[in-house]
Amino acid sequence: MMQISRLIKKCADKLKIKNCLSISLLIFIHLKKKGFDSNFNIAVRKKNTKLESHSWVSFNDKPLLFESDLNEYILIEKI
């Protein structure tokens with residue numbers, strides 16, 4: 001799972017795709033098609049006066065890619 005996730009992230013970086021929602025969705029769908037039971041997470045946080053969102057894919061509540069500051073986010077949906 002980690003290898004697939006890193007490969008998709010590497011391809012996204014080469015294509016200059018920086019949107020976490022798009023990358024996470026690609027990883028999640030690809031893993032589901034391969035039969036892996038992963039979770040798609042969507043969360044928000046308030047930073048200064050702005051609301052920020054973030055998404056990532058996890059397995060057993062651990063992110064598949066390195067994710068910093070996830071503890072600052074409030075999970076609003078886990079699929």
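With 79 residues, a compact globule would have a radius of gyration near 12 Å, and this protein, at 13 Å, agrees with that. Keep in mind as you explore that the model on your screen is predicted.

**Stop 1: the whole chain**

Start by showing the C-alpha trace and turning it slowly. Along its principal axes, the trace spans about 40 × 30 × 15 Å. Now switch to a cartoon view and look for 2 helices and 4 strands. Followed from the N terminus, the elements come in the order α-α-β-β-β-β.

Next, turn on the surface. About 5800 Å² is exposed, and 56% of that is supplied by carbon and sulfur atoms. Of the 79 residues, 28% count as buried. How much of the contact within the protein links distant parts of the chain? Among contacts with a separation of 6 or more, 48% are between residues 24 or more positions apart.

**Stop 2: helix 1**

Select residues 2–14, which make up helix 1. You can try a quick check here with your distance tool. At 1.5 Å a residue, these 13 residues should span 18 Å, and the end C-alpha atoms are indeed 18 Å apart, so the two values agree.

Now colour S5, I8 and A12, the buried residues of helix 1. Why do they line up? They cover an arc of only 70 degrees around the axis, which puts them on the same side of helix 1. A general rule helps here: an α-helix has 3.6 residues a turn, so residues three or four places apart point the same way.

Turn helix 1 around and pick out Q3, L7, K10 and K14, which are exposed on the other side. Then return to the buried side and show helix 2, which is part of what covers those buried residues. Before moving on, click on K16, which follows helix 1 and has a positive phi, near 60 degrees.

**Stop 3: the nonpolar core**

Select I8, A12, I23, I27, F28, L31, F40, V57, L64 and L65, and show their side chains. Together these 10 residues form the largest nonpolar core. Helix 1 and helix 2 (20–33) are the elements that each give two or more residues to this core. Which of them gives the most? That is helix 2, with 4 residues.

Zoom in on A12 for a moment. Leaving aside its neighbours within four places in sequence, A12 is in contact with I17 and I23.

**Stop 4: two loops with positive phi**

Go to the loop between strand 1 (39–47) and strand 2 (50–59), where you will find N48. Phi of N48 is near 60 degrees, a positive value in a residue other than glycine. Is N48 buried or exposed? N48 counts as exposed, because its relative accessibility is 72% and the cut-off for exposed is over 50%.

Then jump to the loop between strand 3 (62–63) and strand 4, and select D69. D69 is another residue other than glycine with a positive phi, here near 65 degrees. With a relative accessible area of 39%, D69 is partly exposed.

**Stop 5: I74 and its partners**

For the last stop, select I74 in strand 4 (residues 74–78). I74 is exposed, with a relative accessible area of 58%. Show V44 as well: I74 and V44 are 30 residues apart in sequence, yet their C-alpha atoms are 5.3 Å apart in space. Beyond its neighbours within four places in sequence, I74 is in contact with I42, A43 and V44.

Key
Residues are numbered from 1 along each chain as its sequence is written. This is a predicted model: local features need pLDDT of at least 70, side-chain atom pairs count only at pLDDT 80 or more; totals for chains, interfaces and linings use all residues. Side-chain values use heavy atoms; hydrogens and water are left out. A nonpolar core is a set of buried Ala, Val, Leu, Ile, Met, Phe, Trp, Tyr and Cys residues joined through side-chain atoms within 4.5 Å. Buried means under 20% relative accessible area, exposed over 50%, partly exposed in between (1.4 Å probe, protein chains only). Contact means heavy atoms within 4.5 Å. The expected span of a helix is 1.5 Å times one less than its number of residues. The arc is that of the directions from the helix axis to the C-beta atoms. The radius of gyration is taken over C-alpha atoms; the globule rule is 2.2 Å times the number of residues to the power 0.38. Accessible areas come from the Shrake-Rupley method with a 1.4 Å probe; for residues, only the protein chains shown count as cover.
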